[in-house]
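Biologist: I would like to learn how to read a fold from its computed features. Please take me through an example.

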Amino acid sequence: MIKRIRLMDHTTADHGAAAALPAPQDVRPVRTVLCTALPDVLPGPRFAAISLQWFADAAHLTRFASWLASPDGAAEPGSGQVVVVREHPLRGAEWLERRWREGGARLKHMAIARRAEHLTPDEFSDRWRDRAGRVGAVAIPARARGQAYVQNHPLPKSEGTWPFDAVNEVYFDDLDGLRERIAWFAEHVDGTGEDDLVGEHWFVAVREEVL
C-alpha cells in the first residue's frame with residue numbers, strides 16, 4: 001500500500017486533512033486519517049498535525065494528485081511537508097485490520113527521521129528494517145512495543161529528495177503504554193539519534209482519527 005504523509009508545523013491554522021473527501025470515488029484515498037499532536041503527553045512536538053492517506057497503487061496516487069491540482073480539486077491550506085512512502089506493517093497486522101474496521105480514534109507514537117549522512121536511501125532502508133524492535137543492540141521492552149508497528153519507507157523520487165527518510169508508527173490501546181514508550185526512548189535515545197543509522201529525528205505523540 002502506498003501512503004501520502006503530510007507533516008504540518010505549528011503555524012498551520014487549517015490542516016486541510018479532509019480536502020480529499022469530496023474527490024470522485026476512483027480518485028479518493030482508500031483511507032484518510034488525521035494525527036493531532038498531544039503536547040501534554042510529549043511536550044514541544046515538532047509537528048502539530050500529520051495527515052496520512054492510503055492509495056492502492058502509484059496510478060491511484062497520480063489520479064489523486066492530478067485532481068488535487070485541478071480547478072475541481074480542494075487546495076490544501078497552510079504549510080506542510082509531504083513524503084510518499086510504501087507502508088510496511090512489521091507487527092500487529094491483525095490488530096490494525098480490526099482498528100480500521102472499527103474506525104474512531106487511537107493513540108500513537110510516531111518517529112520522523114533523516115538518515116545518517118554516510119548512508120544511501122537504500123542502505124538506510126535495509127538497516128532500519130533489520131533493526132525493528134530495538135535501538136542499537138538494546139531490545140525495546142514488551143510494554144513499550146505497542147499493539148502494532150508500521151515502518152514507512154519513502155519511494156524513489158524522480159527529482160530532488162524527500163524532506164525525511166523515515167516515518168514510523170506505534171499504536172497503543174491506552175495512555176499508560178504510550179507514556180512508557182516515551183519514557184523508555186527518553187532514557188535510551190539522545191537528541192541526535194543513532195549515529196550509525198539516524199542523523200536527526202523527532203518523536204511525536206498523537207491522537208489518530210479516521211476521517
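Modeller: We go from the overall make-up to the sheet, the helices and then a single residue. Note that this is a predicted model.

Biologist: How many helices and strands are there in the protein, and what pattern do they follow along the sequence?

Modeller: The protein has 4 helices and 10 strands. Their order along the sequence is β-β-β-α-β-α-β-α-β-β-β-β-α-β. The protein is as compact as a globular protein of its length, because its radius of gyration of 17 Å is close to the 17 Å that the globule rule gives for 211 residues. The C-alpha trace spans about 50 × 40 × 35 Å along the principal axes.

Biologist: What share of the residues counts as buried, and what does the exposed area consist of?

Modeller: Buried residues make up 46% of the 211; the cut-off for that is under 20% relative accessible area. The protein exposes about 10300 Å², and 50% of this comes from carbon and sulfur atoms.

Biologist: In what order do the strands of the barrel come?

Modeller: The general idea is that strands of a sheet pair through backbone hydrogen bonds, either parallel or antiparallel. Here 8 strands close into a barrel in the order 1-3-2-10-5-9-8-4, with antiparallel pairing. On average, neighbouring strands of this sheet are turned by 30 degrees against each other, direction ignored.

Biologist: Which strands does helix 1 touch?

Modeller: Helix 1, residues 58-69, packs on the sheet and touches strand 1 (2-8), strand 3 (49-55) and strand 4 (81-91). The direction of helix 1 makes about 40 degrees with that of strand 1. Helix 3, residues 121-130, lies across strands 4, 5, 8, 9 and 10, and runs at about 170 degrees to strand 8.

Biologist: How many bridges join strand 5 to strand 9?

Modeller: There are 7 bridges between strand 5 (residues 105-115) and strand 9 (residues 166-172), which run antiparallel. Within this pair, Ala111 stands opposite Asn168 of strand 9.

Biologist: How far do contacts reach along the sequence, and what share of those with a separation of 6 or more joins residues 24 or more positions apart?

Modeller: That share is 80%.

Biologist: Now a single residue: where does Gly104 lie, and which residues is Gly104 in contact with beyond its neighbours within four places in sequence?

Modeller: Gly104 is in the loop between helix 2 (93-102) and strand 5. Leaving those neighbours aside, Gly104 contacts Arg99, Glu208, Glu209 and Val210. With a relative accessible area of 39%, Gly104 is partly exposed. From Gly104 to Arg91 the distance is 21 Å, C-alpha to C-alpha, at 13 residues apart in sequence.

Terms used
Residues are numbered from 1 along each chain as its sequence is written. This is a predicted model: local features need pLDDT of at least 70, side-chain atom pairs count only at pLDDT 80 or more; totals for chains, interfaces and linings use all residues. Side-chain values use heavy atoms; hydrogens and water are left out. Two strands pair if DSSP finds at least two bridges between them. Helices (H or I, at least four residues) and strands (E, at least two) are DSSP runs, numbered from the N terminus. Axes are lines fitted to C-alpha atoms, for helices over the stretch in contact, and angles run from 0 to 180 degrees between N-to-C directions. Contact means heavy atoms within 4.5 Å. Buried means under 20% relative accessible area, exposed over 50%, partly exposed in between (1.4 Å probe, protein chains only). The radius of gyration is taken over C-alpha atoms; the globule rule is 2.2 Å times the number of residues to the power 0.38. Accessible areas come from the Shrake-Rupley method with a 1.4 Å probe; for residues, only the protein chains shown count as cover.
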